[in-house]
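Welcome! Below is a set of short exercises, each with a solution worked out step by step. Have a look at the structure first, then try each task before reading on.

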Amino acid sequence: MTTPLGKWLLLTLAVFSLVTASPAQADGLGLLNKHNCSSCHALTGPAPSTLAALWQRKGPDLFYAGNKYRQEWLETWLQNPKRIRPAGMFYMNHIKPGPKRNMVDTSSLSQHLQLNSSDAKSIAAALTTLKENTSLIQNEKHNSKLSPGPLGEMMFDKIFGCMACHQIEPGFGGLSGPEVYTAGTRLKAEFMLSYIRSPQAWDAKVWMPNAHLPDNNIQKLVNYIINLSKKSYDE
Amino acid sequence: MNNYCFIIILIMTPLLQISSANAESAKDNYRTYCMQCHGMAGQGMGLNIQDMSVQPRDHTDTKAMSTRTDSELFKVIKEGGIAISKSSLMPPWADTFTDSEIHELVKHLRKLCQCDNQTK
């Protein structure tokens, strides 16, 4: 799937990174190549600029993984990968008609590669070096004290309508976006702030709209999401 | 003067081509952004509806869709349900679509509902 230009860019990135990377990061960059991660994930930007390209995307873009993910989560998840997007990367590729509503066609979904702890640690370290779009988060300041209190769920579900596409607990909420009840452990707070502020700045064609929320409400939503991840869920 | 016009046209032509190339068709936009709630057939039976307190509009419902003007449809797509005193579950898509794309989406909705209401 990777174009010759893409392979060249990946090789250049790997060679450049090897010069400055720690041993674990250097191993990880090699492993990204070995496991052919670029066949499903973009390791260099930009994000898709057309719908045709968007529809073909098989996994999340990783060219800004270092600005998006928490390294410890990456390391843990790669050893025990669980589906985060109930309907896959692009939901239209994985749904079918149902009696009451469109349903996820689970037969079309594939399982992510499972890594051993050593490889997971190295790849997680390497992914932290991929930091495109830093300018989008460098001015974000997370205010953990701006709690939504008991209104968090109402804000997420009813006032801003986020639950239309996201699950706030297993089995409750929309399915076309990633689950949010694990987002607090998965994502950096500054990334969540920036992404909610403008999803299109990160991913021009993504099917999450920009609600133009004021900063204090974005802070409250992020703190609500972080609180969700502190609960335990039986799945 | 003619030379200046020629140069301006020469510069503008590729820019106009780029602009038109970036516009997505209403059918593709509907598939990507609307079907998640309004469903593959536009009947309001989308993937996301199970836990919604307000169900999405059935775009094939001729009677219901006839009560909405084109300008109301434009407004609700661009500014969201709240803008026409409807549910916040219908979000604002102003940052996703150009005005031109929204106008094309309104035309697409009229095809789905096989109805018209431009004057009300």
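**Exercise 1.** Find the residues that A:Val180 touches, leaving aside those up to four places away in sequence, and decide whether A:Val180 is buried or exposed.

*Solution.*
- Step 1: A:Val180 is in contact with A:His166, A:Gln167, A:Ile168, A:Ile225 and A:Leu228, once residues up to four places away in sequence are set aside. Keep in mind that this is a predicted model.
- Step 2: To place A:Val180 in the chain, look at the loop between strand 4 (172–173) and helix 9 (183–186) of chain A.
- Step 3: Now count neighbours. A residue is buried if 20 or more other C-beta atoms lie within 10 Å of its own. A:Val180 has 25 C-beta neighbours inside 10 Å, so it counts as buried.
- Step 4: For a distance along the chain and through space, take A:Tyr224: 44 residues separate it from A:Val180 in sequence, while their C-alpha atoms are 9.9 Å apart.

**Exercise 2.** Work out how helix 8 and helix 12 of chain A are placed relative to each other.

*Solution.*
- Step 1: Helix 8 covers residues 152–159 of chain A and helix 12 covers residues 215–228, and they pack with their axes 9 Å apart at an angle of about 110°.
- Step 2: Angles of 65 to 115 degrees count as roughly perpendicular. Helix 8 of chain A is therefore roughly perpendicular to helix 12 of chain A.
- Step 3: The crossing of helix 8 and helix 12 of chain A is left-handed.
- Step 4: On the helix 8 side of chain A, the contact uses A:Gly152, A:Met155 and A:Phe156; on the helix 12 side it uses A:Lys220, A:Leu221, A:Tyr224 and A:Asn227.
- Step 5: Sorted by class, this contact of helix 8 with helix 12 of chain A holds four nonpolar, two polar and one charged residues.

**Exercise 3.** Do the same for helix 2 and helix 6 of chain A, and sort the residues of their contact by class.

*Solution.*
- Step 1: Helix 2 (residues 23–34) and helix 6 (residues 117–127) of chain A have axes 7 Å apart and an angle of about 95° between them.
- Step 2: Helix 2 and helix 6 of chain A are therefore roughly perpendicular to each other.
- Step 3: Residues of helix 2 of chain A in this contact include A:Ala24, A:Leu29 and A:Leu32, while those of helix 6 of chain A include A:Ile123, A:Ala125 and A:Ala126.
- Step 4: The classes for the contact of helix 2 with helix 6 of chain A are seven nonpolar, three polar and three charged.

**Exercise 4.** Turn to chain B: how many helices and strands does it have, and how do helix 4 and helix 5 of chain B cross?

*Solution.*
- Step 1: Chain B has five helices and zero strands, and its pattern along the sequence reads α-α-α-α-α.
- Step 2: Helix 4 (residues 70–79) and helix 5 (residues 99–113) of chain B pack at about 120°, with axes 9 Å apart. That makes helix 4 of chain B oblique to helix 5 of chain B.
- Step 3: The crossing of these helices of chain B is right-handed.
- Step 4: Helix 4 of chain B brings B:Asp70, B:Leu73, B:Phe74, B:Ile77 and B:Lys78 to the contact, and helix 5 of chain B brings B:Ile102, B:His103, B:Leu105, B:Val106 and B:Leu109.
- Step 5: By class, the contact of helix 4 with helix 5 of chain B consists of seven nonpolar, one polar and two charged residues.

**Exercise 5.** Look at A:Asn133 and A:His212, each with a positive phi, and tell which is buried and which is exposed.

*Solution.*
- Step 1: A:Asn133 is not a glycine, yet its phi is about 70°. A:Asn133 lies in the loop between helix 6 and helix 7 (134–137) of chain A.
- Step 2: With 21 other C-beta atoms within 10 Å, A:Asn133 is buried.
- Step 3: A:His212, also not a glycine, has a phi of about 50°, and sits in the loop between helix 11 (199–202) and helix 12 of chain A.
- Step 4: A:His212 has 12 other C-beta atoms within 10 Å, so it is exposed.

**Exercise 6.** Say how many residues each chain gives to the contact between chain A and chain B.

*Solution.*
- Step 1: Chain B gives 25 residues and chain A gives 27.
- Step 2: The chain B side has twelve nonpolar, eight polar and five charged residues.

Definitions and conventions: Residues are numbered from 1 along each chain as its sequence is written. Chains are lettered from A and ligands numbered from 1 in the order in which they are written. This is a predicted model: local features need pLDDT of at least 70, side-chain atom pairs count only at pLDDT 80 or more; totals for chains, interfaces and linings use all residues. Axes are lines fitted to C-alpha atoms, for helices over the stretch in contact, and angles run from 0 to 180 degrees between N-to-C directions. Helices (H or I, at least four residues) and strands (E, at least two) are DSSP runs, numbered from the N terminus. Angles under 35 degrees count as roughly parallel, over 145 as roughly antiparallel, 65 to 115 as roughly perpendicular and the rest as oblique. A crossing is left-handed if the near helix is turned anticlockwise from the far one by less than a right angle, and right-handed if clockwise. Two residues are in contact if their C-beta atoms, placed from the backbone, lie within 7 Å. Ala, Val, Leu, Ile, Met, Phe, Trp, Tyr, Cys and Pro count as nonpolar, Asp, Glu, Lys and Arg as charged, and the others, Gly among them, as polar.
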